[in-house]
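I set out to keep a short notebook on this structure, looking up ring pairs and then a few single positions. The entries follow in the order in which I made them.

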Amino acid sequence: MEAVMVLLQKVLPVFLVLMLGVLCRKRALLTRDGINALKRVAVDIALPAVMFSAFATAEYSAKSICVPLIMFAVCCAALFLGFLLCKRLKIGGRLSPYIAAGFEAGMLGYALFAILFPEEKVSAFAMVDLGQVLFVFTVYKMMLAGKSNAGDALKEALSAPTVWAIVLGLLFGATGLYDALKPSGISSVLDALTGFVSAPTSVLILLAIGYDLDPSGIQWQKIGKLMLLRLGVSAALLCLVTAVDLLLLGKMMHSGALLLMFVLPPPYVLPVFADVEDERADVSSALSALTFVSIILFAVLAVIM
């Protein structure tokens with residue numbers, strides 16, 4: 001009975017807020033402009049507070065640098081496998097290979113981690129996320145947009161509040177500044193500020209995702225290959241990273257954070273780069289379907305973790 005109650009505490013809030021998002025769409029309680037505004041608040045205000053706090057309070061060592069480096073390499077490998085398998089399996093579409101790479105940690109991962117591990121520091125997930133953030137803002141977006149100029153990619157990355165939050169968090173955490181400010185009480189003030197601003201992050205994000213979820217609009221049969229591509233590549237690379245973490249890093253990565261990362265869908269920004277309307281629809285449907293799968297796998301993790 002106790003196990004059931006713990007499961008309900010972790011899973012029920014997620015499904016409840018998602019259903020509230022669906023209800024907001026069906027009853028027109030929120031407009032598309034309204035939900036886009038909520039996303040902006042979540043991504044540009046609340047989430048940066050989460051990420052600053054996560055990186056400022058993380059533990060840094062020479063060995064911990066390996067974690068983002070490994071994740072960056074894994075994301076590059078996922079993209080390579082995406083191109084290779086799309087060619088071998090004859091999966092058409094310019095964006096299809098990109099389905100295999102990247103993780104929607106910002107709009108989904110942090111919210112689910114906070115619910116799945118309420119007693120754990122978010123920094124455990126942030127350290128796993130750092131490598132894929134670097135990948136998404138460099139290799140991934142540059143290739144998607146067909147850019148070869150690293151300066152353009154850097155300019156775009158620096159326009160994102162989340163990137164600045166990560167940089168400031170790394171500055172405070174890796175230099176020891178955050179710990180040095182503890183005796184003066186300034187660190188506690190920073191904790192209070194970031195905690196207050198980041199409090200609604202999970203609800204805002206899940207409400208927006210629920211608003212966009214529409215199972216009736218998903219062409220399951222048409223996007224089946226894209227889903228199998230994503231799930232197959234993610235499963236294979238999860239096994240590889242787990243082995244590397246166990247054999248080389250001595251289980252430095254948070255196992256729950258690692259598992260959660262690899263069940264997340266691809267970055268939600270992907271359809272923006274579609275050149276053809278039909279492909280945009282297919283990619284959007286694939287992302288919606290993979291989000292459903294991610295929520296189901298999250299429920300499974302809640303049972304086993």
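Entry one, aromatic pairs. I was working on a predicted model, and in it my search for ring pairs returned a count of 9 aromatic pairs. I looked up Phe52 and Phe172, whose ring centres are 5.3 Å apart with 75° between the planes, and I noted the pair as edge-to-face. Where do the two residues lie, Phe52 and Phe172? I found Phe52 in helix α2 and Phe172 in helix α7 (residues 161-174), so the pair ties together parts that are 120 residues apart in sequence. I then checked the accessibility of each: Phe52 has a relative accessible area of 12% and is buried, and Phe172, at 17% relative accessibility, also falls under the 20% cut-off and counts as buried.

Entry two, another pair. I turned to Phe103 and Phe262, whose ring centres are 5.1 Å apart and whose planes stand at 65°, so I entered this pair as edge-to-face. Phe103 sits in the loop between α3 and α4 (105-116) and Phe262 in helix α12 (residues 255-263), so here the pair ties together parts that are 159 residues apart in sequence. Are these two rings buried or exposed? I read a relative accessible area of 7% for Phe103, which is buried, and 6% relative accessibility for Phe262, which counts as buried as well.

Entry three, a cluster. I also recorded that Phe72, Phe83, Tyr98, Phe135 and Tyr140 form one aromatic cluster.

Entry four, Gln132. I located Gln132 in helix α5 (residues 123-145), and I noted that this polar residue counts as buried, at 3% relative accessibility. Which residues does Gln132 contact, once its neighbours within four places in sequence are left aside? I listed Met71, Cys75, Gly102, Phe103, Ala105 and Met261, and I marked Phe103 in that list, since I had already met this residue in the edge-to-face pair with Phe262.

Entry five, Ser64. I placed Ser64 in the loop between α2 (32-56) and α3 (66-88), and at 7% relative accessibility I entered Ser64 as buried. What does the side chain of Ser64 reach? I found that the side chain reaches the backbone oxygen of Ser61, at 2.7 Å. With its neighbours within four places in sequence left aside, I noted Glu59, Met127 and Met252 as the residues in contact with Ser64.

Terms used. Residues are numbered from 1 along each chain as its sequence is written. This is a predicted model: local features need pLDDT of at least 70, side-chain atom pairs count only at pLDDT 80 or more; totals for chains, interfaces and linings use all residues. Side-chain values use heavy atoms; hydrogens and water are left out. Buried means under 20% relative accessible area, exposed over 50%, partly exposed in between (1.4 Å probe, protein chains only). A polar contact is a pair of N or O atoms within 3.5 Å; within protein, one must be able to donate a hydrogen and the other to accept it, and residues adjacent in sequence count only if both atoms are side-chain atoms. Contact means heavy atoms within 4.5 Å. Rings of Phe, Tyr and Trp (its six-membered ring) pair if their centres lie within 6.5 Å; planes under 30 degrees apart count as stacked, over 60 as edge-to-face and the rest as tilted.
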